[in-house]
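Here are my notes on the model, point by point. Please read them with the structure open.

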Amino acid sequence: MKKLVLETTAPFQGLPELVAYEEGLFEKEGLAIEWVDREAADKSTDVNVNSPKGLDPFSSHGLMLEQGKADMYNACEWGNYCRVQDTQVGSRQVGRRGIVTYAAIAVRPDSPVYTAQQLAGRTVGVPFYFGTHYLALHLLEGFMPRDQIRLCRVPNGSRHRFDAMMRGEVEATTLTEPYVTLAEKNGCRLVCEAFYHGTEVASDRVDGETYAAFNRAVREAVRRINADKRAYLRYFIDYHRAKDPEIRALSVDDLRASRIVVCDPAPIPLEEMQRTYDWLKSWGMLEATATPTELVNLEVQHRAHSMAAE
């Protein structure tokens with residue numbers, strides 16, 4: 001067995017990995033998986049922090065890999081471009097993960113906001129460097145000029161963002177499942193929603209053969225999830241069961257299977273890689289990167305995904 005240390009992942013961003021782990025699929029591929037917690041300690045809200053400038057991209061995702069305590073992690077694709085630009089240990093993206101994450105921008109039941117256009121100039125709480133930060137930019141710039149988008153810092157973890165919104169600290173915030181469902185049960189409105197990709201980031205300790213074995217296990221998990229999505233909805237409740245009584249009170253009947261979208265892990269298409277790079281540049285990010293191919297280990301990506309598909 002080859003040991004592979006992964007940073008912890010929640011179902012909304014890593015369901016296939018969790019299924020592969022619990023159902024012994026990694027072991028069948030000769031991998032002994034260990035998990036290491038990477039959760040950030042700072043859960044404060046600051047409406048005066050309006051961009052990721054000066055913030056640590058490794059406050060959560062990538063924290064353990066940068067310290068040499070993990071071999072891989074997965075996170076949103078946009079954030080991972082930024083992280084591997086700033087890595088001190090030579091980490092690189094090696095391909096897209098198996099889940100396409102669903103998220104939404106929500107407002108309180110008493111909010112005067114009914115459409116995304118009405119968020120112009122209003123505080124939208126996002127966790128900077130996390131997927132819903134970038135998703136909020138993509139969504140909102142379709143409804144208003146960029147200078148009318150007013151993002152502010154709220155913690156990673158939808159529970160904390162939901163609470164900040166319900167306390168009135170921000171007008172709106174981004175949520176992932178199962179907190180989108182919880183928000184709806186509490187009468188909140190979803191003003192816009194979308195799916196987004198994530199990628200796997202690996203240290204130089206992960207070669208093509210190891211990542212191919214990892215992806216074969218994930219591909220089988222994807223097949224099982226797609227065969228019966230309802231059977232895997234429990235993960236979204238069980239993951240939070242011990243710490244969150246409101247989520248514990250949900251049933252699988254409350255959740256929508258249509259919000260679970262999984263597909264085989266795959267290389268990042270070059271044309272999409274370039275568009276993502278150009279878009280991040282347009283927002284003042286990736287200033288130290290000359291080309292997007294600097295941010296991906298193309299050799300490991302190609303070898304691993306070719307082997308996994310055989």
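1. A word on labels. Helices here are DSSP runs of H or I with at least four residues, and they are numbered from the N terminus. By that numbering, Thr 276 belongs to helix H11, which covers residues 270-282. Keep in mind throughout that this is a predicted model.

2. Overall build. The protein holds twelve helices and eleven strands. Its C-alpha trace spans about 55 × 45 × 35 Å along the principal axes. Is the radius of gyration what a compact globule would give? For 310 residues, such a globule would have a value near 19 Å; the protein has 19 Å, so the two agree.

3. Interior and contacts. Of the 310 residues, 55% count as buried. Take the contacts with a separation of 6 or more: 79% of them are between residues 24 or more positions apart.

4. Surface and charge. The exposed area of the protein is about 12800 Å², with 48% of it supplied by carbon and sulfur atoms. There are 37 positive and 44 negative side chains. The centres of these two sets lie 3 Å apart.

5. Thr 276, again. Is this residue buried or exposed? Thr 276 has 13% relative accessibility, and the cut-off for buried is under 20%, so Thr 276 counts as buried. Leaving aside residues up to four places away in sequence, Thr 276 touches Glu 77, Trp 78 and Tyr 81. Tyr 81 is 195 residues from Thr 276 along the chain, yet their C-alpha atoms are separated by 8.8 Å.

6. Strand S6. In a regular strand the side chains alternate between the two faces of the sheet. In S6, Thr 123 and Gly 125 are on one side, and Val 124 and Val 126 are on the other. What covers the strand's partner edge is a separate matter; on the faces, these four residues are all buried, and both sides are covered. S6 runs parallel to strand S7 (residues 150-153), and four bridges join them. Gly 125 of S6 stands opposite Cys 152 in S7.

7. Helix H6. Which residues of H6 (residues 158-166) are buried? They are Ser 158, Arg 159, Arg 161, Phe 162, Ala 164 and Met 165. Note the two arginines, Arg 159 and Arg 161, in that list. The buried residues of H6 pack against three strands by name: S5 (99-107), S6 (123-126) and S8 (172-176). They also pack against helices H5 (131-140), H7 (179-185) and H10 (245-248). Just after H6, Gly 168 takes a positive phi of about 85 degrees.

8. The loop between S6 and H5. Tyr 129 sits in this loop. Tyr 129 is not a glycine, but its phi is positive, at about 80 degrees. Tyr 129 counts as buried because its relative accessibility is 11%.

9. The loop between H11 and H12. Leu 286 is found here, ahead of helix H12 (298-308). Leu 286 also has a positive phi, about 60 degrees, although it is not a glycine. At 2% relative accessibility, Leu 286 counts as buried.

10. A cis peptide bond. Where is it? It joins Glu 177 and Pro 178, with omega at about 10 degrees. Pro 178 lies in the loop between S8 and H7. Both S8 and H7 are among the elements that the buried residues of H6 pack against.

Notes
Residues are numbered from 1 along each chain as its sequence is written. This is a predicted model: local features need pLDDT of at least 70, side-chain atom pairs count only at pLDDT 80 or more; totals for chains, interfaces and linings use all residues. Side-chain values use heavy atoms; hydrogens and water are left out. Buried means under 20% relative accessible area, exposed over 50%, partly exposed in between (1.4 Å probe, protein chains only). Contact means heavy atoms within 4.5 Å. The radius of gyration is taken over C-alpha atoms; the globule rule is 2.2 Å times the number of residues to the power 0.38. Accessible areas come from the Shrake-Rupley method with a 1.4 Å probe; for residues, only the protein chains shown count as cover. Lys and Arg count as positive and Asp and Glu as negative; His and the chain ends are not counted. The place of a charge is taken as NZ of Lys, CZ of Arg, CG of Asp or CD of Glu. Two strands pair if DSSP finds at least two bridges between them.
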